[in-house]
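Subject: Structure handover

Hi,

Here is the structure you asked for. Please open it next to this note and follow along.

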Amino acid sequence: MSKRHLLALFNDFDEAVAAIAELRAANIKGFNMDDLILKSPIEHPEVELVLGDKPVNVQWFTLIGACTGALLAFFLVSGAQANFFAQIKGGKPIVPLPPNFVLTYEMFILGGVFITILGFLICAALPAKRSALYSAKVSEDQIGILVKGDESAVAAFKAIFTKHKALEIQEEAGK
Amino acid sequence: MSITNLLTNWSDFRQQHPSAAHPHREYKWAMSIDLDSCTGCNACSVACYAENNLPVVGKEKFAHGHSHHWMRIERYWDNDGREFADQGAQFLPMLCQHCESAPCETVCPVGATNHTADGLNSQVYNRCVGSRYCNANCPYKVRYFNWYNYPTTENVWPEPMNQQLNPDLSVRSKGVMEKCTFCVQRLRASMNDARTQGRLVIDGEVQTACQQVCPTGAITFGNLVDPSAKVGKQWKQQQVDLNIDKQPKDAEEKAAKLRGYRILEELRTYPSVMYLEQLRESAV
Amino acid sequence: MEKDIREDIAWAQINKDVLKSLESPRRLYWVILLIALAMIGVAVGSEIYQYTTGMGVSNKNNSHVWSLYIATFIFWIGMSHSGTLLSAILHLMHADWRKPIYRFAEAMTTFSLMTAGLFVMVHLGRLWQVYYVMPYPNERWVWPNFQSPLVWDMFAIATYLSSSVLFLYVGMIPDLAICRDNIHAGWRKKLYTIMSLGWEGTDRQWRNFRITYLTIACFLIPLAVSVHSIVASDFAMSNMPGWHVTSFPPYFVAGALYSGCAAIITLFIILRYVFRFEEYMTLPIMKKLVRLTFAIAMVWTYLNLIEFASVWYGHDQTAKDQLIFKATGPYAPYFWAMIFFGSILPLMLAFKRFQTHLPILFVVSILLNVGMWLERWMIISPSFAHGHYPWTWDHDQWPSLVQWGIVFGSFGWFTLLFMVFCKVFPSVSMYEVKEMVYHRTLALKHKPAVKGDY
Amino acid sequence: MIENSFNRRNFLKVLGWGGATAALSGCGNTSVEDGKEFVTSYVETADYIIPSIGTYFNSTCAQCDAGCGIMGRVREGRVLKLEGNPKASINNGKMCGLGQAGVQAHYNPDRIREPLLRNGDRGEAITWEKALGLINEKVGGVNAENIAFLTGVVSGHDKALLKNYLDALGSGHHYVYEAVAPSVIRAANKKAYGVEMPRLRLDKAKVIVSFGADFLGAWVSPVHFSQQYARFRKPDSGERGVLVQVESKMTLTGANADRWLAIRPGTEGILALGLINALAAAGLSVPGDVAAAVGGYTSERVSKDTGVSAEHIGKLAALLKERSPSLIIAGSAAEGYAHGSQNAAAIALLNQILGNVGQTVEAPSSTPFPQMAPTTGNRLALQSLNDNMAQDKVKVLFSYGTNPVFTAPATMKLKENLKKVPFKVVFAHYMDETAVEADLVLPLNSAMEDWATVIPEYVAEGAQLNIRQPLMEKLYPGTLGLGDILLGLLKYRRPDEYNGFEDFYSYLRNAMVTNKDALGGASKDGDTFWEAALSHGGVKMVGEPVNLSGNVSATTLVVPAPFVEDATYPLHLIPAVSASMRDGRNANEPWLQESPDPLTTIVWDSWVEMHPKTAAKLGIVEGDIVEVASKSGAMKAQAYVFTGIHPDVISVPLGYGHDAMGRYAKGVGANAFKILDPVFDKETGELAMHETRVKVTKAGKRVIIVKDEGPAGGNQMGRKIAVRLTSNKVNLSEEV
């Protein structure tokens, strides 16, 4: 069964939140709340109240990245130094810990940052093609709600959106 | 593989130097300079120019502090406000001290300067990138930088002066740090000879250029590990221990003082050059 | 009290105002750009001369091996710390007045690091072998010397540069999407389309974005501190009198934040004037910034005094001699100028009437940075001139025109990068200004606090 | 050192070819790829030649007249470095910086490469045949009386050949000129001890009092004396010798003295007599006539005249009495006055009173071949030549080993007088000031390319003949040695005698081998003897010890009262002879120019030393360009202020201020020879070098002196760098 996309733009965030709440409450057939995407010009952490807590997994990437960076650094540096067991420098041990900790620390951060970014891209599914229904207004000052549902649900969507003073409702061109 | 190596030899890798527990095995090149014999004649310095292909930089560059004298004679006065320098001057031949715990080594970003197994502070010209950090960290300021490309500079080695260059060591190009090597080319030659004959280098078999030329024999050079070497005997007699930064003899009150000392020892560089204090007669 | 920003400002107006700054520049822009290019030309010419002739033309010498290059290197590294301060530290502290001004500060971080990196290379005697400093696998298993603070520098700066570029970029993605949505043709469209990675502002994107931004900010703060501590270790780890000081790392970090803040004030005033950003870069924000600068100036002054006092109180005669030399020798005019610009002049910032007087602030902020540059020079040159070994003291070394030329050109390089940035990327964070307005509006409405960080 | 027998000349040729190519490909700008050169591999080298391993050949240093034995390190046909010959009794394997720089004289880019004949202002290259033919023609055209041969110190076979040539010409004049030689001392020694240069045993002395003799720096045989000095300072007994230096300007030796006494210039004799008086007072037995003669020299008077405090005189006399033997040396500072001979005699008397003659002043050996004994030079010789030239008595002038145009004081007008000589032949290494004036310039081999024998004036033990042999093939085919030139000239005059010798080498070898019995080779065959002599660097000869006489008469001794002040020229000028520059002949060797002067650490320039008091009086600070004006001329140089000089004295180093010679010498510093006043020693007629009175004025400019010393000067700033201790705190005999 084919699905249709619908984008509604709102001026007011509170209205958009209300619209979402109503969508959830309406329990429209052929529509899953997971298929709702909120688009906003700024971050609205409040939406979690209506969209529900969604897990964020970037931190795991950070942890792995940072640990990998640190381990890599320490073993790279110490291993490289161990190759030169005949080259004493300044009377210090061949594998001197303080400098290696400094480098480990730096690489810990480097690994952390890099893999965090990687994690961000993966978790946020970026880079991506923009969805067909996109309005530049969303990056300006309007809130967009993108829903995906069965053809049958379209009318229900429209009703709810209009009720909540949607400025504009865009429909995907039929396939 | 280095990681295996690392894990196997961890305790060795964590060893500090210098330490009495891990002495040098076969060789530890060291020097002693008797300031009472040194007359400040500069022969050692010129010999070093001849042996080590040091460029003559000329007046203008000398004025800018670009001179290359691995062996330089410093001249100090001790007037204390008297009208005349009536006890003469104090001459001090200053060269790389080949510190056991050399401050220059740790700071080189590319590891161009290292401590060798025979106790030299080596400088790898090919590896040097010219950060000059080693010089910055050298308390004696005995490292000399190639500020210009001397081999191609006019009147440094004009034809046929270049034929005098010693082929046993390289001519350094611009951007490279250099310093006294204890005439490493001579050391290596005689160590190789000795090795092919299955023995160690005998005391006196190898001389540094400055030692060889010194008219008063103020410079003694040799293997500190070798019990028969004069340099080792001198160090021992003067109670200067390579491995400690504060010689116990300095704390003791003695009727007859010992003359041996190392310069800026308190910086814990553990220099390999011992100086013997200059003497002056009090009866005149 | 005046407001940091008007809450009734239209969001579309924000977009419009900021995007306006990306429009084709006026003639003056090109003139300044040409001047910057000419300055770079001077530096490039000097560097070519130095590269082909030898480091000697910079008029350093065997007992005075470092000079302006390293001093200016530290200066630029120091300058970079302001971006981190504003974007990361203040971000974690929820100081939302940072929002209109952090973007250009972050850009400044990146570009001053890029400038500083050049000095590392310019400084090398054998620039063509610079890759020896990097740990790259090779047949001979030769590695850099990991004990050297310069290698730590290399690691730290590489980490810092790449992290702050990523931080700048990640933070800019929503704005790039705005640019993409509002510019419809030309290379800019392509650039913004590619760089915005298809950002749509979905809840999922925002959610991950927030945690990412926060995480990197958390990393950046210790990183920034470590970078300048490591730069300080170049000196503190060595045994030169005047360098071998325990308090150097915090001293350097304070100095870095200080000079960075001063530079932000300068650029703040310029951008406010040039792009007519009066609505965003407001005087109350300036006031906060100036107060912050003042506080850091006092921290720096304190650390400076601590350094002097500990040397004075200690038993290291060599270091004491060095300090006396600095204050009374041939470098005394520069030393006292540094004290004046760095410690006395910022006292002005304590007075309210100056805190928003932009012309005065403009001049003062530049002078503060002159003072900070002098500070770096006063760390390097007098120490070399009067080190451990009296025979090699060198009191009359004066940097040659080649050195001055390259230092001069570095400002052109920074200007060029910054000017190009301002015309290609939004120098005010639009989405965050919107956030700021939004949250202040919410606060005005006395809305109950909502879940989340706000 | 090569002990086996081989054909040396062939060897050098092979080595030279291979060596030259190797040298070029190693260091030159041409390369094999350019096709500009051939590469000759070492297919057939002598079996002791291992590429990349240095081979050592012994020879004799020619950098000064001390005649040290040297050992040249030769690799791939190039001489790389000079070491001291350990078998040489003079220097025992040691060398000085000046000697080291010999290779730079050899490889000097400014060497003359072919004979040059004057054509207007230019020198035109000609062949040796033409050059020698021209000389022969010129000397044939004039009376032998009108031929003058001016040389530096000559000895050995060169001297013999030269004498033969002059004889062949019908006895021309031979002038031996040394610009800075101790010629007054030689005369005084001759009078006091019966020999010009007795052996001084520094190593035996317990106290040395040196009146301005810079025996560690530039006096007579510094490398030899330095070694003796080391043993004097640290004898086996552990009783460290005491050195007291009395002079007005600190020399290198003065800088090493236990006590450096700044004395008013010219009063050295008074101090010597005062010391005798003090010794007599202290109970030393002194002959009656001497005691009577010195009776007036009370320590108050001496102290007043000399400026040396009575306390120091007393201490010194006590030390001399207590520690015996001692050694009193008269040096250039004592001899450089109009009464220099008296000063030297008074000092010799002190030596004699102390009983040092025969103890630390020893007899030298005579040379069995007097015709090869060194002819030492003096400044009087140049004076006489100059007079003769002024009177047009010289028609053909040869000059070898000297540079009189540079070293003659301006008052002599030597350059003008030279122009009166119709034909001037100069044997030269560089186009120096004298060569520039020449009509014919004959380029000499360097000491590293030349054959010669040398008998040094000061021989450490016995009698010896040093050999100078080529260390490598000639750099330029157009140069010749003095021996070869003389031989070539002699072949014109005495073809029967000399045509049999292909070159000087065959002459020399023949002469040596013929006389091998007297040269210590009686038991060997000719070839063995020759090879042994070469590998040793010389031969020992059996010399008769000369008896020393010790009879300085005190009655004839008249030491004049100290100077009266001259209001116009208030200061004394001491022209200093530095260890590197000497009389200026080595100024074109860059190592020496860049080797800092030991006391001032100045490089690449001359300077005017003065005491801080003098400087303060004149308002001068370091680096001021000052004009030093004497009655005879003026020069400008930078001022250097330090306390190693008497306030009545200023000092300028000699050897700088060349206006020709080469790229490293030309234009460096100012020539102090030029402003010397024509004052002469009353007994010998020698130019009194220290008698010039000058005034010093600021010339207005100030420069930063180029020197090694930093802004801290000689101050250690409280660091423990160069440490000094009083000698009674140390037990030297325990030391290794």
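Start with chain B, where the strands β8-β1-β10-β9 make up, in that order, an open sheet of four with mixed pairing. The edge positions go to β8 (219-223) and β9 (260-261) of chain B; each has a single partner strand, so one side of each is left without a neighbour in the sheet. Keep in mind throughout that this is a predicted model.

β9(B) runs antiparallel to strand β10 (residues 273-276) of chain B, and two bridges join them. Look for B:Tyr261 there: its bridge partner in β10(B) is B:Tyr275. A helix also crosses this sheet. α9(B) lies across β1 (29-34), β8, β9 and β10 of chain B, at about 105° to β8(B).

**Between the chains**

Which chains share the most contacts? Five pairs of chains are in contact, and B and D come out on top. Chain B puts 69 residues into that contact and chain D puts in 80 residues. On the chain B side, several elements give two or more residues, including α4 (58-63), β2 (72-76), α8 (209-213) and α9 (230-237) of chain B. The most comes from α3(B), with seven residues. By class, the chain B side has 31 nonpolar, 21 polar and 17 charged residues.

Strands pair across this contact too. β11(B) runs parallel to strand β26 (residues 724-726) of chain D, over three bridges. B:Gln278 is the residue to find, as it stands opposite D:Arg724 in β26(D).

Chain A also touches chain B. That contact takes 17 residues from chain A and 23 residues from chain B. The chain A side is made of nine nonpolar, six polar and two charged residues. Chains A and D are another matter: no contact joins them, and their closest C-alpha atoms are 22 Å apart.

**The barrel in chain D**

Now move to chain D. Six of its strands close into a barrel, in the order β20-β24-β21-β23-β22-β25, with mixed pairing. On average, neighbouring strands are turned by 45° against each other, direction ignored.

Take β21 (residues 607-610) of chain D. D:Trp607 and D:Glu609 point one way from the strand, while D:Val608 and D:Met610 point the other way. Are these residues buried or exposed? All are buried. In a regular strand, side chains alternate between the two faces of the sheet.

β21(D) has two partners to look at:

- β23(D) pairs with β21(D) in the parallel sense, over four bridges. Here D:Glu609 has D:Tyr640 as its bridge partner.
- β24 (residues 649-653) of chain D runs antiparallel to β21(D), joined by two bridges. Here D:Met610 has D:Ile650 as its bridge partner.

β23 (residues 633-641) of chain D also runs antiparallel to β22 (residues 624-630) of chain D, with six bridges between them. D:Ala629 is matched with D:Ala634 in β23(D).

**Cores**

The largest nonpolar core has 482 residues. Which of them touch the most other members? D:Leu275, D:Ile276, D:Val608 and D:Val628 do. Leaving aside neighbours within four places in sequence, D:Val628 is in contact with ten residues' worth of surroundings that I list in part: D:Leu573, D:Val608, D:Ala634 and D:Ile650 are among them. Apart from this core lies another, of 28 residues, including A:Phe31, A:Leu146, A:Val154 and A:Ile160.

**Two helices**

Helix α7 (residues 222-233) of chain D has 12 residues. From first C-alpha to last it reaches 16 Å, close to the 16 Å expected at 1.5 Å a residue. Why is α7(D) called largely enclosed by the rest of the structure? Because 11 of its 12 residues are buried. Among them are D:Val223, D:Phe225, D:Tyr229 and D:Phe232, as well as D:His224 and D:Arg233. The buried residues pack against β9 (207-211) of chain D.

In chain C, go to C:Phe418, which lies in helix α14 (residues 401-424). C:Phe418 is buried, because 21 other C-beta atoms lie within 10 Å and 20 are enough. Beyond its neighbours within four places in sequence, C:Phe418 is in contact with C:Ala107, C:Met108 and C:Phe111. C:Arg207, 211 residues from C:Phe418 in sequence, is 31 Å from it in space, C-alpha to C-alpha.

Best wishes

How values were computed:
Residues numbered from 1 in each chain as written. Chains lettered and ligands numbered in written order. Predicted model: local features only at pLDDT ≥ 70, side-chain atom pairs only at ≥ 80, totals over all residues. Core = buried A, V, L, I, M, F, W, Y, C linked by C-beta atoms within 7 Å. Contact = placed C-beta atoms within 7 Å. Nonpolar A, V, L, I, M, F, W, Y, C, P; charged D, E, K, R; others polar. Pairing = 2+ DSSP bridges. Axes fitted to C-alpha atoms, helices over the stretch in contact; angles between N-to-C directions. Expected span 1.5 Å × (residues − 1).
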